[in-house]
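Could you walk me through this model in my viewer, one selection at a time? I would like to know what to pick next and what is there.

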Amino acid sequence: MKQRLFGTDGLRGQGNIFPMTPEIALRLGLAAGQYFRSGSGRNRVVIGKDTRLSGYVFETALTSGLCANGMDVFLVGPLPTPAISFLTRNMRADLGVVISASHNPFMDNGIKFFDREGFKLPDAVEDEISELVLTADSRWEYPAPEQIGKAHRIVDAQGRYIVYLKNSFSPKLTLDGLKIVLDCANGAAYGVAPSVLEELGATVVRVGTKPDGLNINHKCGSLYPEVISHIVVDEDADMGIALDGDADRLIVCDEKGRILDGDQIMALCALEMMEKGRLPGNMLVATVMSNMALELFMLEHGGRLLRTAVGDRYVVEAMRREGASLGGEQSGHLVFMDHSTTGDGLLAALQLLRIMLEKQRPLSELAGLLEPFPQELRNVHVERKIPFEQAPGLQAEVDRVERDLRGKGRVLLRYSGTEAVCRVMVEGPDDEVVRRHVETLVQACEKFLR
């Protein structure tokens, strides 16, 4: 089997450990330049990053490789992943590059690519680039000296993205009078997110907006929504918004501090779009991780849920294929295809705020639409990702749990695409039963997958 560099969301790992080394990043720049350089004109690439300390290393290495292979590089500094997708389209670039490990801790980093239309690259293209990087004797097709690329720093990139986001919000509405707690996870949105909300009129209580290179996602952001929940109650705010390190995920809480995940946000938005006739085919696209309650909710309201493999790229692929307008993940990746080509936490928050304002109701009243089934997700560290069918003892335990759930729950085992863990998910109508079953399966994974 060929070695793959890319997981479900690009290349990822701990800084200075393979594959996240400066040598690999340099070869990745050379390979991407060779793949995307075309014709006799100048080819352009936009590079953005989050706030990790190692971002300087990979930004420099990628720029060297891309310039050496004839690409002009536009550096935009720390900006959310969806901002790079937008700027790649907006600046008519041939490629967008994001240096980020999303919600992972600071010691990790990652690299992912967007094509000129702002979509993540398909597996086949990533595989061709991987082969160029991993083949020791790859022959680089270096251009003539006068065709070497130049690097430019774009100083108004933040402003362009802020204007784009504000244009996605109804010009008839403002956020005047609203108090919003905003947690940027000390990540890529620390500068732009408060500006967008404040320019639209909101009073913003800032959390996680002082990055130091080491504190991204540290006890803040979308993985720690209890932070905004407590502050919203203490501050008597209208809503809490929590983004992850690269701001492509959104988790919110209402004015009472109740936390809403991606499934609950999708239910609210899907219903509003169905009411307005703006959800083609009344179809919502989500992954196998989404709660069964979301599927039942869509059916009860005359819609349907299309499930995909885990990963926002697979959600987007299905949306493009089916012509869907709304999709996402329980984890908070939310894709509004009428406005964006990838998950955008801040854009999704603005859509939620628009619905609140148009209906003139607090979020707590709107959010009661979906009551998720009890669901428990656990991560089990694994040394090797053994195919599940090669672990019959584990499969027997899964079969036993599914029989016990009697069709009123689900079991899902899958390997993470970005970490050395097996994710174990059980959901069903009874909290205690779910906890008991997930503990049984965790023990089985520890026994049969090591």
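Start by selecting Asp246 and Ser102 with their side chains shown: in this predicted model, the two side chains make a polar contact at 3.3 Å.

Now keep Asp246 selected and display the backbone around it. Asp246 sits in the loop that links β9 (239–243) to β10 (250–253). Switch on a surface and ask: is Asp246 buried or exposed? Asp246 is buried, because its relative accessible area is 1%, below the 20% cut-off. Next, bring up its surroundings. Beyond its neighbours within four places in sequence, Asp246 is in contact with Pro80, Thr81, Pro82, Ser100, Ser102, Lys112 and Ala188.

Move across to the partner, Ser102. Ser102 lies in another stretch of chain, the loop between β4 (95–99) and β5 (108–115). Ser102 is buried too, with a relative accessible area of 2%. Which residues should you light up around Ser102? Setting aside neighbours within four places in sequence, the contacts of Ser102 are Arg12, Asp50, Arg52, Asn217, Asp244, Gly245, Asp246 and Asp248.

For the last stop, select Ser102, Asp244, Asp246 and Asp248 together: the unreviewed UniProt entry lists these four under "binding site". They are spread over 147 residues of sequence, yet they cluster in space, with a largest C-alpha distance of 8.0 Å. If you have pockets displayed, look at the largest one: from this set, its lining includes Ser102.

How values were computed
Residues are numbered from 1 along each chain as its sequence is written. This is a predicted model: local features need pLDDT of at least 70, side-chain atom pairs count only at pLDDT 80 or more; totals for chains, interfaces and linings use all residues. Side-chain values use heavy atoms; hydrogens and water are left out. UniProt positions are given in the numbering used here, feature names are shortened, and annotations may be inferred rather than shown by experiment. On a 1 Å grid over the protein atoms alone, a cavity is a set of points where a 1.4 Å probe fits but cannot get out, and a pocket is an open set with protein on both sides within 12 Å along at least five of seven lines; lining residues have an atom within 4 Å of a point. Helices (H or I, at least four residues) and strands (E, at least two) are DSSP runs, numbered from the N terminus. Buried means under 20% relative accessible area, exposed over 50%, partly exposed in between (1.4 Å probe, protein chains only). Contact means heavy atoms within 4.5 Å. A polar contact is a pair of N or O atoms within 3.5 Å; within protein, one must be able to donate a hydrogen and the other to accept it, and residues adjacent in sequence count only if both atoms are side-chain atoms.
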